[in-house]
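Reader: I would like a close look at the cross-links between side chains here, both the disulfides and the salt bridges. Please take them pair by pair and say where the partners sit and how exposed they are.

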Amino acid sequence: DLLPGGLYRPCPAGYFCPQGSKHPRICPNGTYCPAESGEYRWCPLGYKDGVSSNNSRTSVADSCEICPEGTHGAHEQRLECPTCLPGYVCLEGTKSATPDDRWTLNGYKCPVGHYCPAGSKQEQACPAGAYNPEEKSWNASSCLLCAVGAYQDQPGKPSCKECSSTSRAEGLGNARCT
């Protein structure tokens, strides 16, 4: 706003004032605007719009809400936290729809020996007697039963073990040899 004497009033917090504009513009959903903003700023990846009617859109803290476990915050306009895709684990504040690094993206590919349905907050282990050699599996049918002559006594493993020459495992899906 132009004040008497040709001075401009600083752009108020919660608004942005593009160069040459005469009036402040309110920050849109999914953004925030500190005082004297020429442009609005998007909520960070891993967050969504979190403004209630009494908030002012002046900072990340009062404008944005962290995405909960099982969802990701990679929506282009930061308006929602979509469900985590199958084959991935999404921790709180996951920053990608296909996260592959727990430390930088707050999520990761479903590890071998496990499966991760859509919305996974943590991986599900294949049971003893079964294995899964593949990453990014999304349902229990990815867990394969150990073959005749093999076993797996622990859950969440990528392969089965062979029985010794003095023992055997008959049938499929053995958790031990006899």
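Author: What follows goes through the disulfides, then the salt bridges, and ends with a patch on the surface. The model is a predicted one, and every value below is computed from it.

Disulfides come first. Searching the whole structure turns up nine of them, and three are described here, among them the bond between Cys67 and Cys81, with an S to S distance of 2.0 Å. This pair links distant parts of the chain, 14 residues apart, with Cys67 and Cys81 each placed in the loop between E6 and strand E7 (88-90). The angle about the S-S bond is -75°, and the link of Cys67 and Cys81 is left-handed. Cys67 and Cys81 are both buried.

Another disulfide connects Cys110 with Cys116, S to S 2.1 Å. Here the torsion about the S-S bond is about 75°, so the link between Cys110 and Cys116 is right-handed. As for cover, both Cys110 and Cys116 are buried.

The next pair is Cys146 and Cys160, whose sulfur atoms lie 1.9 Å apart in a disulfide. Cys146 belongs to the loop between strand E12 (144-145) and strand E13 (150-151), while Cys160 belongs to the loop between E13 and E14, so the bond ties together parts that are 14 residues apart in sequence. The torsion about the S-S bond of Cys146 and Cys160 is about -85°, so this disulfide is left-handed. The two partners need separate entries for exposure. Cys146 has a relative accessible area of 0% and is therefore buried. Cys160 has 21% relative accessibility and so counts as partly exposed, given that buried means under 20%.

Now the salt bridges. Side chains of opposite charge can pair when their charged atoms come close. A search of the whole structure gives four such bridges. One of them joins Glu65 and Lys48, with the closest N and O atoms 3.9 Å apart; the cut-off for a salt bridge is within 4 Å. Glu65 is in strand E6 (residues 64-66) and Lys48 is in strand E5 (residues 47-49), so the bridge links distant parts of the chain, 17 residues apart. Glu65 counts as partly exposed because its relative accessibility is 38%. Lys48 is also partly exposed, at 23% relative accessibility.

A further salt bridge is made by the side chains of Arg57 and Asp49, at 2.6 Å from N to O. Arg57 and Asp49 are both buried. Glu170 and Arg168 form another, and their closest N and O atoms are 2.7 Å apart. For this pair the cover is the opposite: both Glu170 and Arg168 are exposed.

Last, the surface. Leu145, Val148 and Leu172 make a nonpolar surface patch of about 320 Å². Leu172 is found in the segment after strand E14 (161-162). Leu172 has 58% relative accessibility and so counts as exposed, the limit for that word being over 50%.

Definitions and conventions:
Residues numbered from 1 in each chain as written. Predicted model: local features only at pLDDT ≥ 70, side-chain atom pairs only at ≥ 80, totals over all residues. Heavy atoms only, no water. Helix = DSSP H or I, 4+ residues; strand = E, 2+ residues; numbered from the N terminus. Buried < 20%, exposed > 50% of the residue type's maximum accessible area, 1.4 Å probe, protein only. Patch = residues over 30% accessible without salt bridge, like charges linked within 9 Å, V, L, I, M, F, W, Y side chains within 5 Å. Areas by Shrake-Rupley, 256 points an atom, 1.4 Å probe, with all protein chains shown as cover. Disulfide = S-S within 2.5 Å.
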